[in-house]
4 protein chains.
Amino acid sequence: MIHFECDYTEGCHPAILEKLTETNDEQTSGYGLDPHCEHARAIIRDLCKSPDADVHFLVGGTQANTTVIASILRPYQGVLCAVTGHINVHETGAIEAAGHKVLPLESTDGKITAAQIRKAYDIHYHDSEHEHIVQPGMVYISQSTENGTIYSKEELQSISDICRKCSLPLFLDGARLGYALASPKNDLTMEDLASLCDVFYIGGTKVGALFGEAVVITSPTLKPNFRYMIKQRGGMLAKGRLLGIQFETLLAGGEDSLYFEISNHAIELAIKLKEAFLKKGYRLLFDSFTNQQYPILPDNIVDKLSKSFSFSTWSKVDDDHTAIRICTSWATRPEAVENLIDHL
Amino acid sequence: MIHFECDYTEGCHPAILEKLTETNDEQTSGYGLDPHCEHARAIIRDLCKSPDADVHFLVGGTQANTTVIASILRPYQGVLCAVTGHINVHETGAIEAAGHKVLPLESTDGKITAAQIRKAYDIHYHDSEHEHIVQPGMVYISQSTENGTIYSKEELQSISDICRKCSLPLFLDGARLGYALASPKNDLTMEDLASLCDVFYIGGTKVGALFGEAVVITSPTLKPNFRYMIKQRGGMLAKGRLLGIQFETLLAGGEDSLYFEISNHAIELAIKLKEAFLKKGYRLLFDSFTNQQYPILPDNIVDKLSKSFSFSTWSKVDDDHTAIRICTSWATRPEAVENLIDHL
Amino acid sequence: MIHFECDYTEGCHPAILEKLTETNDEQTSGYGLDPHCEHARAIIRDLCKSPDADVHFLVGGTQANTTVIASILRPYQGVLCAVTGHINVHETGAIEAAGHKVLPLESTDGKITAAQIRKAYDIHYHDSEHEHIVQPGMVYISQSTENGTIYSKEELQSISDICRKCSLPLFLDGARLGYALASPKNDLTMEDLASLCDVFYIGGTKVGALFGEAVVITSPTLKPNFRYMIKQRGGMLAKGRLLGIQFETLLAGGEDSLYFEISNHAIELAIKLKEAFLKKGYRLLFDSFTNQQYPILPDNIVDKLSKSFSFSTWSKVDDDHTAIRICTSWATRPEAVENLIDHL
Amino acid sequence: MIHFECDYTEGCHPAILEKLTETNDEQTSGYGLDPHCEHARAIIRDLCKSPDADVHFLVGGTQANTTVIASILRPYQGVLCAVTGHINVHETGAIEAAGHKVLPLESTDGKITAAQIRKAYDIHYHDSEHEHIVQPGMVYISQSTENGTIYSKEELQSISDICRKCSLPLFLDGARLGYALASPKNDLTMEDLASLCDVFYIGGTKVGALFGEAVVITSPTLKPNFRYMIKQRGGMLAKGRLLGIQFETLLAGGEDSLYFEISNHAIELAIKLKEAFLKKGYRLLFDSFTNQQYPILPDNIVDKLSKSFSFSTWSKVDDDHTAIRICTSWATRPEAVENLIDHL
């Protein structure tokens with residue numbers, strides 16, 4: 001069985017294990033206050049051209065999302081996001097467990113628009129009974145989205161503009177950021193993200209690390225006391241250096257780093273798959289240019305594929321067709337992709 | 001200006017003030033452990049033909065909803081309800097502040113169906129990643145709904161059956177229960193509610209009391225330690241007898257009590273209004289047979305009415321028409337209704 | 001049986017019931033936005049000589065405490081208070097249910113000192129691992145305390161000074177404020193409280209009202225969006241005017257108002273009792289000059305008293321003596337006090 | 001500088017990195033549902049002689065503590081623990097952020113007794129106002145404690161008996177369990193822990209793993225739906241196998257496993273240090289037989305040591321003496337210990 005069902009079926013890029021082994025006997029302080037974390041922070045600030053950014057390393061995505069959101073919102077505020085957003089559908093209510101309503105905005109492709117944010121904001125304050133309704137307190141988006149789509153620079157600029165007008169901090173979930181940046185349709189840089197968002201994270205778990213997400217806070221008002229939040233939310237790893245070591249390994253070299261190299265690898269294979277689906281005449285559920293591809297296949301092909309490959313069944317499209325999700329990753333072997341194409 | 005915008009613009013039925021005055025010098029224990037509360041409990045158990053029911057008196061609706069829901073759900077569970085439900089839209093996130101996601105089901109008239117509940121339940125457990133998704137833990141409905149509609153006995157029976165099959169406690173918000181029971185379309189009794197729901201409440205605030213909701217718990221598993229929850233959630237009134245006195249005044253006599261009498265009064269006037277709207281050729285946004293009426297009026301009529309009457313603007317229906325909400329209540333004077341009809 | 005066990009065994013001062021009856025047919029807006037609430041707010045601002053104060057009316061003490069504290073603290077912060085403080089021992093964990101640790105300071109008489117606050121603050125920030133420890137975020141005191149003691153102006157001034165130096169908002173729970181102000185040892189005015197605290201409340205429930213506490217916010221940073229918090233925490237009474245009417249009845253006339261008059265009445269009787277205990281040679285557990293008195297009595301006297309009077313047993317002092325708590329209130333009849341004295 | 005300040009200054013036992021490297025290319029399912037986790041579970045069940053135990057792997061201690069406690073308690077319940085317990089003092093209020101009060105019991109050595117638990121339980125239920133007070137809902141202890149002390153089998157048996165009588169689930173935090181089991185004073189086995197506790201965890205982070213704690217649930221009532229809690233609390237590692245691989249490496253072989261071997265190593269060095277302190281005539285703050293040692297040293301010795309060694313300053317004992325904490329671990333080199341002894 002060859003796995004295509006997600007981007008975390010393997011361990012990590014071998015360079016990380018090498019670096020962990022090499023540094024294993026070093027004695028360092030705990031909780032992210034060691035030289036490796038400091039080094040990784042410096043690399044990230046540099047890459048973001050944000051010398052004043054605060055950088056924190058958290059273990060996983062749910063933790064990063066909950067910690068950031070709980071840190072920003074006041075008790076009566078909620079977070080605007082796509083109805084399909086990870087925090088709305090796939091965190092077992094972690095945001096609500098931290099006391100906050102997720103305020104869903106309609107979306108067919110995983111993205112939301114500046115106009116939707118503006119409208120939600122206006123509707124709230126135009127309601128004479130707005131004190132009886134959860135106040136929009138921030139905006140959450142992901143890049144790439146759950147549907148493989150990405151925001152263009154123009155779209156992100158518009159969202160950022162509206163957020164600043166409405167004093168709504170903008171948070172970008174970059175669990176798959178490497179794959180978004182490597183997309184042929186991408187026109188955003190890490191620097192753009194740092195300048196347009198108030199806080200975002202650079203995903204490691206899905207892009208070559210064993211685990212870990214690097215949260216970058218650029219907004220001065222969101223910086224103070226964030227480490228208290230990390231500790232309270234269970235995210236302050238005793239051996240914090242494990243995260244620092246991983247991110248220095250992945251990101252050293254900036255835009256020429258391993259992170260970008262392995263992301264490009266995943267995207268090349270994803271685009272190859274996409275072209276193969278199109279060439280065979282299959283439609284796509286979402287027009288994705290990232291590592292998640294959503295072909296709509298005849299059910300007999302789905303059955304045939306499932307004998308040799310694992311993947312996610314996304315939705316039944318009609319009586320004879322099903323949309324599936326195929327993920328490539330930093331670890332996908334080109335032969336596996338060829339093999340899958342041969343089975344179509 | 002004559003007020004029709006809600007069902008709590010006046011104080012309370014004069015009999016309550018008389019009883020409060022009459023009992024004012026009595027010395028009693030606090031926190032709902034006094035003879036008046038005990039008496040009111042006995043009346044309610046009798047009315048519900050549920051000698052074993054636990055009855056608690058809470059100050060208001062948000063408090064009753066939050067306390068009941070927080071008491072039932074486990075941390076990873078959410079509450080199924082109509083997308084239009086009060087707890088989803090009009091409690092400033094009180095349910096989420098207690099840690100729980102509201103799981104909205106589509107609804108055009110404020111009601112949900114047994115089939116929708118079953119489907120939501122099945123979708124959850126059929127998902128191989130259901131541990132990543134909030135588990136449905138209970139069902140919330142209101143009688144009457146935010147749209148003035150009511151559940152028939154058959155509908156409530158179906159919902160109750162599904163809930164029991166799926167082990168989902170059923171909670172009915174009866175903030176406007178008096179008006180539902182007095183509706184000409186109603187075929188449910190208080191006894192039915194007690195037998196079909198696991199917990200429900202008899203609304204006082206909107207039906208003649210100064211304030212107060214009587215929570216009736218019939219499910220044995222939901223009874224223990226509920227008073228701890230009331231206290232923690234700020235609902236344990238020091239002079240709890242105020243609630244007991246109000247409910248004994250309203251409900252003494254059971255189905256012949258003041259509560260039913262004044263509810264009938266409100267419904268008669270509401271139906272009179274409804275018939276007047278229809279006679280004038282106006283359509284209705286919701287086909288309500290309770291105290292909330294939703295006529296769709298030409299904008300010039302809306303403007304004219306607003307000079308003498310206050311009411312809620314519900315939604316813009318087209319370029320020239322607006323749906324408004326008119327509420328009658330126990331306190332509505334027949335002349336006020338005549339007066340409004342004359343202005344149509 | 002004559003009740004002395006707490007200050008809320010009766011209904012309310014008759015003037016309140018009269019006013020409720022007189023205004024009962026008025027139609028007003030809900031949620032505290034009516035003319036009675038506005039009038040009561042004006043009276044309170046005047047009494048506090050704080051024309052810019054925000055004034056909100058909440059139903060009870062637990063609710064007021066939780067709403068204020070949840071509104072002030074960030075998620076990683078806790079509230080400093082006496083280990084005997086109401087929020088630490090007698091709210092069924094309401095503060096923790098809102099996500100915050102109560103940080104107890106030692107106290108033998110219910111009071112805490114400026115030095116204790118300073119020390120707790122310093123200990124926190126001197127700890128190199130302070131991010132692993134709950135950050136002190138505010139200070140809670142009560143006037144009078146659970147032990148009947150009161151803060152002098154000098155003490156409150158010191159506490160206020162330290163709080164401002166440490167940027168710790170100061171919150172005073174005034175559930176029994178009337179009785180504190182009426183104490184012969186008191187040297188604080190309502191104006192002092194408004195100027196020395198960031199937020200405090202004027203208790204109604206225990207001082208002649210049916211229920212209700214008037215929260216006065218003087219700190220500009222604590223004012224915004226407080227009504228969202230009230231709604232979310234279940235404290236926004238639909239018929240908010242009930243609270244406005246009560247406070248305008250109690251406080252109209254400022255320092256010559258009913259509130260001060262009935263508080264004085266309670267204190268006169270409490271001091272009479274205190275003197276009787278001392279005259280009989282009994283010691284006192286706390287040297288209280290407010291409406292709660294804590295005589296240490298021989299057990300046979302306690303037994304004898306308990307046949308005719310209800311009161312709280314506070315603590316066993318030695319094999320033959322027990323400290324009890326006797327409360328007077330606005331409603332206590334002088335004959336009841338004489339009667340009790342006769343039984344000593 | 002040689003580090004003795006905690007038990008997590010190095011990476012992990014080399015065997016773990018080897019196993020991670022060896023398995024790195026395997027493709028497995030995520031979220032702890034892979035063969036390595038299954039294998040580690042089987043080893044642990046075997047070691048505990050508890051074939052029906054549920055075993056879950058979480059990333060760290062705060063997370064394990066919060067997830068277990070939030071899973072057990074009802075909203076109005078709190079957790080009894082030593083006032084010095086980690087959850088009371090060193091988790092930035094994580095338990096309170098999950099809505100629960102920590103109910104501290106006095107302790108001078110980090111331990112609590114069965115009698116204290118019984119008393120706290122009785123005090124609660126004997127209070128006529130117990131509904132106003134947080135209900136004890138479970139008991140938390142750690143083995144070893146924050147002070148290096150351990151419970152004997154007899155002590156744990158007594159605690160377990162009382163807990164079962166009072167229906168209080170017993171939770172043992174085993175962050176340093178290896179060091180407790182390796183103590184010369186220990187008379188408990190893993191099997192004993194599984195039988196006497198309702199839930200406990202086997203700490204990895206401090207005992208040779210990169211990170212990770214293995215939660216063992218033996219009580220049938222605590223098992224259902226625990227994975228939902230893990231996910232919600234941010235503890236469901238995408239590449240869950242990392243935890244499985246670590247625990248199978250550490251625990252394969254049961255009582256002859258690496259886990260016991262490296263724990264013994266740490267304890268031998270700790271006892272060597274302890275004996276050296278005593279031989280030099282220094283007193284000990286706590287009489288620890290585990291890997292944390294608390295000598296009381298003259299300040300000039302403390303100063304001298306601090307030039308070459310890092311350790312924690314625990315408390316100032318008198319004008320000239322300070323108690324410090326020295327930790328050994330699986331990674332401590334015997335030469336480092338010799339070196340430190342030479343400096344005394």
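A disulfide is taken here as a pair of cysteine sulfur atoms within 2.5 Å, and in this predicted model that cut-off decides how the cysteines are to be read. The sulfur of Cys48(D) lies 10 Å from the closest cysteine sulfur, which belongs to Cys197(D), and this is too far for a bond. Cys48(D) is also buried, its relative accessible area being 1%. A comparable reading applies to Cys12(B), for which the closest cysteine sulfur is in another chain, in Cys12(C), at 12 Å, again too far for a bond. With a relative accessibility of 0%, Cys12(B) counts as buried. Over all chains, the structure holds 0 disulfides.

Salt bridges, by contrast, are present, and the structure holds 56 of them over all chains. One of these joins Arg176(A) to Asp7(A), with the closest N and O atoms 2.6 Å apart. This pair links distant parts of the chain, since Arg176(A) sits in the loop between strand S6 (170–173) and helix H8 (177–181) of chain A, while Asp7(A) sits in the loop between strand S1 (2–3) and helix H1 (14–22) of chain A, 169 residues away in sequence. Both partners, Arg176(A) and Asp7(A), are buried.

In chain B, Lys272(B) and Glu338(B) form a salt bridge whose closest N and O atoms are 2.9 Å apart. Here two helices are linked, with Lys272(B) in helix H12 (residues 258–279) and Glu338(B) in helix H14 (residues 334–343) of chain B, 66 residues apart. Lys272(B) is partly exposed at a relative accessible area of 38%, and Glu338(B) is likewise partly exposed, at 35%.

A further salt bridge, in chain C, pairs Lys111(C) with Glu155(C), the closest N and O atoms being 2.9 Å apart. Because Lys111(C) lies in the loop between strand S4 (102–105) and H6 of chain C, and Glu155(C) in helix H7 (residues 153–165) of chain C, the pair ties together parts that are 44 residues apart in sequence. The two partners fall into separate classes of accessibility, for Lys111(C) counts as buried at 16%, whereas Glu155(C) counts as partly exposed at 33%.

Salt bridges also cross between chains. Where chain C meets chain A, 23 residues of chain C are in contact with 23 residues of chain A, and the two chains bury about 2,000 Å² between them, 50% of it on carbon and sulfur atoms. On the side of chain C, the residues that lose the most area to chain A are Tyr76(C), Glu131(C) and Tyr228(C), which together make up 38% of what that side buries. The rule finds 2 salt bridges across this interface, and in a salt bridge between the two chains the side chains of Arg227(C) and Glu131(A) meet at 2.8 Å, N to O. Polar contacts between chain C and chain A number 16 residue pairs. The elements of chain C that give two or more residues to this side are helix H3 (61–72), helix H6 (114–126) and helix H10 (226–232), and H10(C) provides the largest share, 5 residues.

The last stop is helix H14 (residues 334–343) of chain D, whose buried residues are Ala336(D), Val337(D), Leu340(D) and Ile341(D). Viewed down the axis of H14(D), these residues fall within an arc of 135°, and therefore they line one face of the helix. The cover over the buried residues of H14(D) includes strand S1 (2–3), helix H12 (258–279), helix H13 (299–306), strand S12 (309–310) and strand S14 (321–327) of chain D.

Notes:
Residues are numbered from 1 along each chain as its sequence is written. Chains are lettered from A and ligands numbered from 1 in the order in which they are written. This is a predicted model: local features need pLDDT of at least 70, side-chain atom pairs count only at pLDDT 80 or more; totals for chains, interfaces and linings use all residues. Side-chain values use heavy atoms; hydrogens and water are left out. Buried means under 20% relative accessible area, exposed over 50%, partly exposed in between (1.4 Å probe, protein chains only). Helices (H or I, at least four residues) and strands (E, at least two) are DSSP runs, numbered from the N terminus. The arc is that of the directions from the helix axis to the C-beta atoms. Contact means heavy atoms within 4.5 Å. Buried area is the accessible area (1.4 Å probe) that two parts lose on being put together, summed over both. A salt bridge is a side-chain nitrogen of Lys or Arg within 4 Å of a carboxyl oxygen of Asp or Glu. A polar contact is a pair of N or O atoms within 3.5 Å; within protein, one must be able to donate a hydrogen and the other to accept it, and residues adjacent in sequence count only if both atoms are side-chain atoms.
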